[in-house]
Amino acid sequence: MITFKHVNNTISEIEELCSLASLIWHEYWVDLLSQEQIEYMINKFQSPLAVKEQIKNENYEYFIIKINNEKAGYFGLSYKKDYLFLSKLYIKKEFRHKGTGAQAFEFIKKQAEKHNYKKIILTVNKYNTNTIKAYEKWLFKTIDAVVTDIGSGF
């Protein structure tokens with residue numbers, strides 16, 4: 001059974017999320033990014049300080065995906081003026097290609113409807129071809145291709 005646990009703005013829940021994020025990022029990005037860039041991105045985007053800031057000042061909500069009470073992944077949403085921004089959707093290796101992402105996306109679509117959004121926007125690394133294929137299967141369309149400087153030469 002799949003559930004989506006809302007991450008409350010408490011140190012313990014944010015640390016739980018960040019620990020899961022670090023685990024997944026180290027298993028997922030190892031073929032696409034250097035270890036140095038993975039560490040940089042975790043510290044910049046998924047550290048407890050960064051997540052707390054996102055929740056407090058950027059209208060973020062995070063959810064931990066659980067399957068039979070085991071942590072299977074997580075996602076982050078940011079509620080913008082005219083759209084829902086799907087900031088992150090990461091699934092642990094053993095839960096990929098089993099419909100976990102699709103079930104999470106159905107939940108995300110319901111969140112968009114609940115907040116009266118007509119569109120969901122996201123960004124994807126252009127070399128992340130498997131993820132791009134999944135989003136295309138869910139009927140996302142590429143509307144722009146940009147190179148974004150995230151700092152430290154990355």
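The paragraphs below lead through the sheet of this structure, then its helices, and then some of its side-chain contacts. The model is a predicted one, and the description should be read with that in mind.

A good place to begin is the sheet. Five strands form an open sheet, and their order across it is β1-β2-β3-β4-β5, with mixed pairing. The strands at the edges are β1 and β5, each of which pairs on one side only, and from one strand to the next the twist averages 30 degrees. To understand the word "mixed", it helps to recall that strands of a sheet pair through backbone hydrogen bonds, either in the parallel or in the antiparallel sense.

We can now walk across the sheet, starting at the edge strand β1, which covers residues 2–6. This strand pairs with β2 in the antiparallel sense over five bridges, and within that pairing F4 stands opposite I65 in β2. Strand β2, which runs over residues 60–67, has seven of its eight residues buried, and so the rest of the structure largely encloses it.

The next step leads from β2 to β3, and here the pairing is again described as antiparallel, this time over eight bridges. One of the facing pairs consists of E61 and L77, the latter lying in β3. The two strands form a hairpin with two residues between them, and in the turn N68 has a positive phi of about 50 degrees.

Strand β3, made of residues 70–79, then pairs with β4 in the antiparallel sense over seven bridges. Here the bridge partner of F75 is L89 in β4, and the hairpin that joins β3 to β4 passes through four residues.

How many of the residues of strand β4 are buried? In this strand, which spans residues 84–91, eight of the eight residues are buried, and the strand can therefore be called mostly covered, since a residue counts as buried when its relative accessible area is under 20%. On its other pairing, β4 meets β5 (residues 120–122) in the parallel sense over three bridges, with F85 standing opposite I121 in β5. The connection between these two strands includes a helix: β4, helix α4 (residues 100–114) and β5 together make a right-handed β-α-β unit.

With the sheet in place, we can turn to the helices that lie against the strands. Helix α1 lies across β1, β2, β3 and β4, and its direction runs at about 105 degrees to that of β3. Helix α4 packs on the sheet as well, touching β1, β2, β3, β4 and β5, and its direction makes about 160 degrees with that of β4.

A further helix, α2, covers residues 35–45 and holds I42. Is I42 buried or exposed? Its relative accessibility is 7%, so I42 counts as buried. Leaving aside the neighbours within four places in sequence, I42 is in contact with S22, W25, H26 and S47. By comparison, the C-alpha atoms of I42 and I67, which are 25 residues apart along the chain, are separated by 24 Å.

The last part of the picture concerns charged side chains, among which the count comes to six salt bridges. In one of them the side chains of K5 and E13 meet, with 3.4 Å from N to O. K5 is partly exposed, with a relative accessible area of 25%, whereas E13 counts as buried at 17% relative accessibility. K5 also meets E16 in a salt bridge, at 3.5 Å from N to O. Because K5 lies in strand β1 and E16 in helix α1 (residues 11–28), this pair ties together parts that are 11 residues apart in sequence. These residues belong to a wider arrangement, for K5, E13, E16 and K71 are linked in a network of salt bridges.

Another salt bridge brings together the side chains of K92 and E94, with 3.6 Å from N to O. Here K92 counts as buried at 11% relative accessibility, while E94 is partly exposed, with a relative accessible area of 38%.

Terms used: Residues numbered from 1 in each chain as written. Predicted model: local features only at pLDDT ≥ 70, side-chain atom pairs only at ≥ 80, totals over all residues. Heavy atoms only, no water. Buried < 20%, exposed > 50% of the residue type's maximum accessible area, 1.4 Å probe, protein only. Pairing = 2+ DSSP bridges. Right-handed = clockwise from strand over helix to strand, strands pointing away. Salt bridge = Lys/Arg side-chain N within 4 Å of Asp/Glu carboxyl O. Axes fitted to C-alpha atoms, helices over the stretch in contact; angles between N-to-C directions. Contact = heavy atoms within 4.5 Å.
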